[in-house]
Amino acid sequence: MTEQQLPSWADPSVSPADLDQQGVSRRGLLRRAGLFGAAFALGGAAVPAVAAPASAASGPRLGGDAPRLAYLVGDHHIHSVYSHDAKYTFSQLAAASAKYGLDWMVFTEHSNFGHAKYGAALEHEEILRARAENPRQLIFQGLEWYIPAAEHCTVFAAPGAHEVDLLTRFESAYDGKLLGYDKGGAADADTARNEAHAVKALQWLAEQRRTGYVDDVLVLANHPMRLGIDSPHEMRAWRDAAPEIMVGMEGAPGAQGAAIPGWRGATSIRGEYENKPSAQSWAGYPADAYLTYGGFDWATATVGGLWDSMLAEGRLFSITTNSDAHRIVFDTWKNGVWPAGQNFDTTGKLPDPVDTTTPQPGSDFWPGQFSRTHVGVTRYGYRAVMAGLRAGRVWLDHGHLLDGLDVRLKRDCDHGRGVTLGGRLRVRKGEKLTLNVTVTTASRPNPQGILPELAHVDVIRGAVRGPVTDRDTWQAPDTKVVRTADVSGRKGTYTLRIPLTAGSESFYVRLRGSDGNRQGAGYLGASVDPHGPIPHAPGDGDPWADTWFYSNPVFVDVAGA
């Protein structure tokens, strides 16, 4: 079934005005689209199509004009009873996602023999029912892929006739766990073979999209620094093998409730990042890489770190956040009991959970309860969300820190809207630019009952130097915080206008901000990042007391650079 054949609520041709008539909350659309005016949310003019980004190689045209956007909130990493280590039904997860305001969600069940043989097909039947019963949500079927020689990725496809077939074929042919291709340490004999198989897997997915077997498919690396086995050269190899498919990584992992004081233990770290280097870990990572910083993965949280080193090559690599929902903190449900003679390998599905009325062990929040990925779209639909992720029109927040964020970078001599997150602006050396950052502050208490307050917005700038010689480079020495705006006490919707000047080389800018409650010198020093996120003490990581937002970059291509 192609997207054109989906019900009207999921068709990308449906405008926000039509959505309101079909029962989708006008208030919700206004909340997500409000940064650029109610006219768009209420369906004035048609939304323009996405234009091809201008770049240094695309000709003489300077400037750029990205489309107006509405932001849809989602979670790409959710587990149900079709994962061997989770416990919730689709109906429980869909209800929670609706409660916490998600527009889209991806079920990413762990690959294993039971799932490959039985679970994926059964899951697909439930997903089809869930889509029919929850017409206000975009529900994707996906897979948590055990990457050969590395850790995990989210893989998901656009709805269609072959979505489940694509996932099961992929799982059987390319999953490192099923194949025994999991080893990737320096001393392992099969490391080179296994790393090459991961590249082949991504190339295979790209071919399925190119031939039209599926309308679209995307891959995102999950919790990249949790075990330290996703090396910089592997991440670059995945990106380069299929840049239209392998589009990014989790900037912040799920399991954000893992270190609530007194809950899991004295050594617990947010994200369940309690791991130390093993024989499988890449030896070039420092010991501090195995922690989270303000709940964010070290690769993202370190200004001038691994994420910046990839962006400094001039190529987009997006970040996201998610719940990784397996077992929710303070929840009272437990797994049901297996019938005699059954197990996951023979059924592909756990028994439905039962309520004990007593809090059970867990590290996660419900989808949308704490972690949110906001994707800018020009239309409503499955492929629109995927297109927004691929284009990098993404920002993320924890603890519902913001109601909205809109970012535009333009030349001062231009009259258009400029380019937005993930985009490219072509300029001349020495030109004056303005970065317009429109913030809508939190207007209601978050699920913890706290009304979040944004304290500062940081502008991070890095030089673009092109492909690196050393593929295991994890530092970008020319990236730093170049400006901090103190916004304490500001409420409602306001725009920060930040002047920039194009130098002689191309660059990028990205944004970050927090509630200001927990910060210090960044990992690479105060001269690079004077007030960045810092690790919490083991076992003492209340996530609601330390909330941040991050945005994807905007690239600036200087003509002649």
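Here is a short walk through this structure, from the whole chain to one pair of helices and then to the nonpolar cores. The model is predicted, so local features need pLDDT of at least 70 and side-chain atom pairs count only at pLDDT 80 or more, while totals for chains, interfaces and linings use all residues. Residues are numbered from 1 along each chain as its sequence is written, and side-chain values use heavy atoms, leaving out hydrogens and water.

Let's begin with the chain, which has 13 helices and 22 strands (DSSP runs of H or I with at least four residues, and of E with at least two, numbered from the N terminus). Of its 561 residues, 62% are buried, meaning under 20% relative accessible area with a 1.4 Å probe, protein chains only.

Now look at helices H6 (residues 163-174) and H8 (residues 191-210), which pack at an angle of about 160 degrees with axes 11 Å apart. The axes are lines fitted to C-alpha atoms over the stretch in contact, and angles run from 0 to 180 degrees between N-to-C directions. H6 and H8 are therefore roughly antiparallel, a term for angles over 145 degrees. Among the residues that meet are Phe170 in H6 and Leu205 in H8.

Phe170 and Leu205 appear again in the largest nonpolar core, where they are among the residues with the most contacts. Such a core is a set of buried Ala, Val, Leu, Ile, Met, Phe, Trp, Tyr and Cys residues joined through side-chain atoms within 4.5 Å. This one has 93 residues, and its largest share, 6 residues, comes from H8. A second, separate core has 33 residues, including Leu69 and Ile498.

Methods
Angles under 35 degrees count as roughly parallel, over 145 as roughly antiparallel, 65 to 115 as roughly perpendicular and the rest as oblique. Contact means heavy atoms within 4.5 Å. Buried means under 20% relative accessible area, exposed over 50%, partly exposed in between (1.4 Å probe, protein chains only).
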